[in-house]
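Reader: I'm in my first year and still learning to read structures. Could you take one part of this one and walk me through it slowly?

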Amino acid sequence: MVYHVIETNTEFGLVNDLLYVSNNTDQWEMEQEDLSYKTPCVYCVNTTYPDYSEFGSIGIQSSGGGLIRVG
């Protein structure tokens, strides 16, 4: 389930990072740990170059009451 989206203009196009909770409860503890380190696993949807869309981890930080991608 997607709970937050971060939209970022990158050198590789416009990317929407989908932060999500997996359906697999066995992964929830690991997902919470990743969040505590501010490096959640996301699905990156590249709207400019869809072939570059992928799962991965990004760095995040708080900004103006929301979240921004930092890595």
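What follows is a close look at the aromatic pair of Y43 and F55 and the strands that carry these residues.

Author: Happy to! Please keep in mind that this is a predicted model, and let's begin with the sheet. Four strands form an open sheet, in the order β1-β2-β3-β4, with antiparallel pairing. At its edges are β1 (2-10) and β4, each of which pairs on one side only. On average, neighbouring strands of this sheet are turned by 30° against each other, with direction ignored. As a general point, strands of a sheet pair through backbone hydrogen bonds, either parallel or antiparallel.

Now zoom in on β3 and β4. Four bridges join β3 and β4, and the sense is antiparallel. Across this pairing, Y43 stands opposite F55 in β4.

What about the rings themselves? A pair of aromatic rings is described by the distance of the centres and the angle of the planes. The structure holds three aromatic pairs. One of them is formed by Y43 and F55: the ring centres are 4.6 Å apart and the planes stand at 55°, which makes the pair tilted. Angles from 30 to 60 degrees fall in that class, because planes under 30 degrees apart count as stacked and those over 60 as edge-to-face. Y43 belongs to strand β3 (residues 41-46) and F55 to strand β4 (residues 54-57), so the two rings tie together parts that lie 12 residues apart in sequence.

Are these two residues buried or exposed? Y43 is partly exposed, at a relative accessible area of 26%, while F55 is exposed, at 57%. Another tilted pair is made by Y49 and Y52, whose ring centres are 5.7 Å apart and whose planes meet at 45°. Here Y49 is partly exposed, with 46% relative accessible area, and Y52 counts as exposed at 52%.

Back at our pair, there is one further partner to find. Ring pairs link Y20 with Y43 and F55 into a cluster.

If you would like to compare this with another spot, look at the nonpolar surface patch of about 340 Å² made by Y3, V21, W28 and L35. Within that patch, W28 lies in helix α1 (residues 28-36) and is partly exposed, with a relative accessible area of 40%.

To retrace the main path, go from the bridges between β3 and β4 to Y43 opposite F55, and then on to the cluster that includes Y20.

Methods:
Residues are numbered from 1 along each chain as its sequence is written. This is a predicted model: local features need pLDDT of at least 70, side-chain atom pairs count only at pLDDT 80 or more; totals for chains, interfaces and linings use all residues. Side-chain values use heavy atoms; hydrogens and water are left out. Rings of Phe, Tyr and Trp (its six-membered ring) pair if their centres lie within 6.5 Å; planes under 30 degrees apart count as stacked, over 60 as edge-to-face and the rest as tilted. Helices (H or I, at least four residues) and strands (E, at least two) are DSSP runs, numbered from the N terminus. Buried means under 20% relative accessible area, exposed over 50%, partly exposed in between (1.4 Å probe, protein chains only). Patches are made of residues with over 30% relative accessible area and no salt bridge: like charges are joined within 9 Å, nonpolar side chains (Val, Leu, Ile, Met, Phe, Trp, Tyr) within 5 Å. Accessible areas come from the Shrake-Rupley method with a 1.4 Å probe; for residues, only the protein chains shown count as cover. A salt bridge is a side-chain nitrogen of Lys or Arg within 4 Å of a carboxyl oxygen of Asp or Glu. Two strands pair if DSSP finds at least two bridges between them. Axes are lines fitted to C-alpha atoms, for helices over the stretch in contact, and angles run from 0 to 180 degrees between N-to-C directions.
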